[in-house]
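Work through the exercises below with the sequence and the model open. Try each task before reading its solution.

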Amino acid sequence: MNEIVNGIAGLEGVELAIVHRGTGGDYVRTFGIPRKLEAALEVARSGQSRAVDLGRATLHTSPGRDGVTWFANIASAGMSGAVAKRVNETGKALGGKVSYAWSTLAVFARWRNAEITVRVGDEERSGAMYDVVVANGRYFGGGMKICPDADPADGLFDVLLIGDVTKRDLMVTLPKIYRGTHLPHPKAELLRGDRVTIEAPIPLPVELDGEQPGTTPASFEIVPRALRLRVP
């Protein structure tokens with residue numbers, strides 16, 4: 001999906017219909033697009049056409065080079081970028097939900113948080129963080145409802161800052177994330193804005209729609225109504 005979006009973003013007269021055959025399925029969850037084949041094909045044939053926002057990211061892609069790429073669902077920087085990399089390298093034989101959950105626990109066990117500076121619009125936050133989630137959609141990581149109120153057509157990102165959480169915090173909170181009941185949380189903060197920048201003293205992995213194309217420093221901007229999507 002991410003590759004297709006990068007090919008059609010902003011094109012007039014082009015609509016995207018998604019027939020889910022992968023393991024994550026996070027983008028379709030936000031819109032209620034069916035995961036069963038025949039029902040998804042019916043939406044593709046006769047569903048409504050809805051204009052939705054896309055994100056555009058500028059990030060460090062290789063030594064001395066920056067790149068610009070689109071994303072439809074969620075971008076993040078920090079531990080979740082390492083989780084996405086691990087899942088993509090080790091495969092998803094156990095299915096999306098189990099593979100992402102297992103990789104989250106495995107990466108967290110050895111991950112060290114970083115001093116991160118985040119700017120969302122006119123607001124700035126700095127401190128020790130495990131993750132910064134820049135959400136257009138609501139789900140990532142194989143069904144984690146990480147930003148339950150994100151609206152992919154409101155012209156804003158929901159930006160979740162995950163602070164210095166402990167192993168106990170993760171074990172208690174992880175089941176709540178799948179239900180979308182983890183917020184508010186004393187070690188997390190939710191901001192909203194149409195532009196986001198993330199900087200850290202060391203390069204942090206950046207994840208876009210489950211891909212891991214580069215590292216920080218990174219910036220993100222919302223592009224309103226840049227995609228037409230077939231929805232139920």
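Helices (H or I, at least four residues) and strands (E, at least two) are DSSP runs, numbered from the N terminus. The model is predicted: local features need pLDDT of at least 70, side-chain atom pairs count only at pLDDT 80 or more, and totals for chains, interfaces and linings use all residues. Residues are numbered from 1 along each chain as its sequence is written, and side-chain values use heavy atoms, with hydrogens and water left out.

**Exercise 1. Place Thr173 and list its contacts.**

Step 1. Thr173 sits in helix 6 (residues 167-179).

Step 2. Check its accessibility. Buried means under 20% relative accessible area, exposed over 50%, and partly exposed in between (1.4 Å probe, protein chains only). Thr173 has 12%, so Thr173 is buried.

Step 3. Contact means heavy atoms within 4.5 Å. With neighbours within four places in sequence set aside, Thr173 touches His182 and His185.

**Exercise 2. Describe the strand partners of strand 4.**

Step 1. Strand 4 covers residues 74-78. Five of its five residues are buried, so the rest of the structure largely encloses this strand.

Step 2. Apply the pairing rule: two strands pair if DSSP finds at least two bridges between them.

Step 3. Strand 7 (residues 131-135) pairs with strand 4 through five bridges, in the antiparallel sense. Here Ile74 has Ala135 as its bridge partner.

Step 4. Strand 11 (residues 205-208) is also antiparallel to strand 4, with three bridges. Ser76 is bridged to Glu207.

**Exercise 3. Compare the span of helix 4 with its expected value.**

Step 1. Helix 4 runs over residues 79-90, twelve residues in total.

Step 2. The expected span of a helix is 1.5 Å times one less than its number of residues.

Step 3. From first C-alpha to last, helix 4 reaches 16 Å, close to the 16 Å expected.

Step 4. Now list its buried residues. They are Met79, Ser80, Gly81, Ala82, Val83, Ala84 and Val87.

**Exercise 4. Analyse the aromatic pair of Tyr27 and Phe31.**

Step 1. Rings of Phe, Tyr and Trp (its six-membered ring) pair if their centres lie within 6.5 Å; planes under 30 degrees apart count as stacked, over 60 as edge-to-face and the rest as tilted. This rule gives four aromatic pairs.

Step 2. Tyr27 and Phe31 make one edge-to-face pair, at 5.0 Å centre to centre and 75° between the planes.

Step 3. Both belong to helix 2 (residues 26-31); because they are four residues apart, about one helical turn separates them.

Step 4. Tyr27 is buried at 4% relative accessible area. Phe31 is buried at 10%.

**Exercise 5. Which residues touch the most other members of the largest nonpolar core?**

Step 1. A nonpolar core is a set of buried Ala, Val, Leu, Ile, Met, Phe, Trp, Tyr and Cys residues joined through side-chain atoms within 4.5 Å.

Step 2. The largest core has 49 residues, and Val132, Val133, Val196 and Phe220 touch the most other members. Strand 8 gives the most to this core, five residues. A second, separate core of 18 residues includes Ala9, Tyr27, Ile33 and Leu229.

Step 3. Look at Phe220. Beyond its neighbours within four places in sequence, its contacts include Phe71, Ala75, Val134, Phe157 and Val196. Ring pairs join Phe71, Phe157 and Phe220 into a cluster.

Step 4. Phe157 is in strand 8 (residues 157-162) and is buried at 0% relative accessibility. Its C-alpha lies 6.1 Å from that of Val134, 23 residues away in sequence.

**Exercise 6. Which parts of the chain does the salt bridge between Arg230 and Glu15 tie together?**

Step 1. A salt bridge is a side-chain nitrogen of Lys or Arg within 4 Å of a carboxyl oxygen of Asp or Glu. The count is twelve.

Step 2. Arg230 and Glu15 form one of them, with the closest N and O atoms 2.5 Å apart. Arg230 is in strand 12 (residues 211-231) and Glu15 in strand 1 (residues 15-16), so the pair ties together parts 215 residues apart in sequence. Glu15 is partly exposed at 38%.

Step 3. Add the network: salt bridges link Arg56, Arg195 and Glu221.
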